Amino acid sequence: MGCSRDAASSWLCTCPPTTTTTATSTSFKLKPFFLKPVISCSIKGPSDSTSSSSAASSYSPHRIRKFGRRLPDIVRHWVQADSLIPSDDKERFMVVPYNVLGDRNASKHKDLYRNVPSLYMNWDRRKRIICEELIGWNPDIICLQEVDRYFDLLNIMQKAGYIGSFKRRTGDSIDGCAMLWKADKFRLLECESIEFKRYNLRDNVAQHSVFEMCSAESRRLLFGNIHVLYNPSRGDVKLGQIRTLSSKAHILSKKWGNVPVILAGDYNSSPQSAIYEFLSSSQLNIMLHDRKESSGQRSCNPAQVFGIERETRNPLHLMDRIFKSGWTDEEVKVATGRAKSEVVMHPLTLNSSYATLKGSTRTRGFKSEPLATSFHAKFFGTVDYLWYSDGLLPTRVLDTLPIDVLQKTGGLPCQKLGSDHLALVSEFAFVPTEKTL
């Protein structure tokens, strides 16, 4: 099934190429020379952690600029599920969410990348590295955010057997969300885009796609892809966007027989945040939280995280911390969808694949989520997630990088990584039913 092009909604779904090749290491000339996936990994206890205070002394952007830096090895390890999930290998699938750092945004916010050599910011170089990395992991579904050069990426990925769809943001921004999938692994049944502006929730967008596995027609599932509003102070809008995404996913899932759901993307919220609590518990009393602090982003300045500087004594920021930001009637309605409601809810039961498969203390932090999935001059922390519903279980995840390795890069992108985010990688299996056992 193909999607028609709708100029008004900027939804674009490409059709399969006439000749399709599978995404194997031999089907495409570009080879991921810089990443070394390790198939198994022995996870040690807390004794293998690296203290951030000891590593902090090595982090100095000025020293890096003056004397150069020793480039760290970018090695990521697989973390396997403790118990073997009985399932047919043909019914397993791998998912990658990845904020690729839009070319225009990178140029517009140069202050975020002041420690990154200009060569590493070049889009032609970055797109090659990003595509080589994706092809190296060989995922079945790819959910991309901050895409403003969609066809640049698609032209490369098509040669590796992928087709895709793109939804541009409304307003003046030209970036959006894109979803790519293997033409020989999944058959698209229905696609839906969300323009949050229609719900008074800014110009962000999201995608939903229902797929059927080519090798097992009884296996269907829904993928959601979102890039939540960045603004750290607008927790009301963030909650409203996630509530809308989840509610629409629930409706579409029911339409296709209560198929399992995966919601991937950049949620612009940390694991310590109220918004993370909302995602994982399905509800949140917003009156117990400060609207401006509900995303947790404002506590993720690299200098503070690494212990180099104390918290900035900005009088306005301190006032925000002393006096919690109240909720106006309009902000309550934006967050909860209802006037005079104190609780925001969504209808899905969600778990995070990385929190489910716990990794090393060198790479994991609060809730066992990655210590960092994004790193630039003004942010160091986790904002990217893979949420899944009942009916699925993660069989393995590709762990992120330790803090000391990320520190040595001085900031992302770097020589071996093409974005200021890390790609998440998770393999899933369907939970066996009585019929399949």
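Leaving aside its neighbours within four places in sequence, which residues is Ile141 in contact with? In this predicted model, Ile141 touches Met94, Val95 and Val96, then Met179, Leu180 and Trp181, and also the three phenylalanines Phe186, Phe211 and Phe223.

Ile141 also belongs to the largest nonpolar core, which holds 54 residues, and Phe93, Ile141, Leu144, Phe223 and Ile262 are the members that touch the most other members. Helix H5, covering residues 123–137, gives the most to this core, with six residues. Apart from it lies another core, of 37 residues, among them Leu201, Val237, Ile242 and Tyr276. In soluble globular proteins, nonpolar side chains tend to be buried together.

**Aromatic pairs**

The structure holds 18 aromatic pairs, and two of them are set out in the table below.

| Pair | Geometry | Centre to centre | Angle between planes |
|---|---|---|---|
| Phe93 and Phe428 | stacked | 5.8 Å | 25° |
| Phe211 and Phe223 | edge-to-face | 5.9 Å | 65° |

Phe93 lies in strand E3 (residues 93–99) and Phe428 in strand E18 (residues 426–430), so the stacked pair ties together parts that are 335 residues apart in sequence. Phe93 is buried, with a relative accessible area of 1%, and Phe428 is likewise buried, at a relative accessible area of 0%.

The edge-to-face pair joins Phe211 in strand E8 (residues 205–213) to Phe223 in strand E9 (residues 216–227), and these two residues are 12 residues apart. Phe211 is buried, with a relative accessible area of 0%, and for Phe223, also buried, the relative accessible area is 0%.

These four phenylalanines take part in a cluster in which ring pairs link Phe93, Trp181, Phe186, Phe211, Phe223, Tyr388, Phe428 and Phe430. Among the members of this cluster, Trp181, Phe186, Phe211 and Phe223 are in contact with Ile141.

An aromatic ring also meets a charge in this model, for the charged end of Arg396 sits over the ring of Trp78, at 4.0 Å from its centre.

**The protein as a whole**

The protein has 13 helices and 18 strands, and buried residues make up 57% of its 437 residues. Among contacts with a separation of 6 or more, 77% are between residues 24 or more positions apart. The accessible surface of the protein comes to about 19,300 Å², and 51% of that surface belongs to carbon and sulfur atoms.

Notes. Residues are numbered from 1 along each chain as its sequence is written. This is a predicted model: local features need pLDDT of at least 70, side-chain atom pairs count only at pLDDT 80 or more; totals for chains, interfaces and linings use all residues. Side-chain values use heavy atoms; hydrogens and water are left out. Rings of Phe, Tyr and Trp (its six-membered ring) pair if their centres lie within 6.5 Å; planes under 30 degrees apart count as stacked, over 60 as edge-to-face and the rest as tilted. Helices (H or I, at least four residues) and strands (E, at least two) are DSSP runs, numbered from the N terminus. Buried means under 20% relative accessible area, exposed over 50%, partly exposed in between (1.4 Å probe, protein chains only). A charge sits over a ring if NZ of Lys or CZ of Arg is within 6 Å of the ring centre and within 35 degrees of the ring normal. A nonpolar core is a set of buried Ala, Val, Leu, Ile, Met, Phe, Trp, Tyr and Cys residues joined through side-chain atoms within 4.5 Å. Contact means heavy atoms within 4.5 Å. Accessible areas come from the Shrake-Rupley method with a 1.4 Å probe; for residues, only the protein chains shown count as cover.
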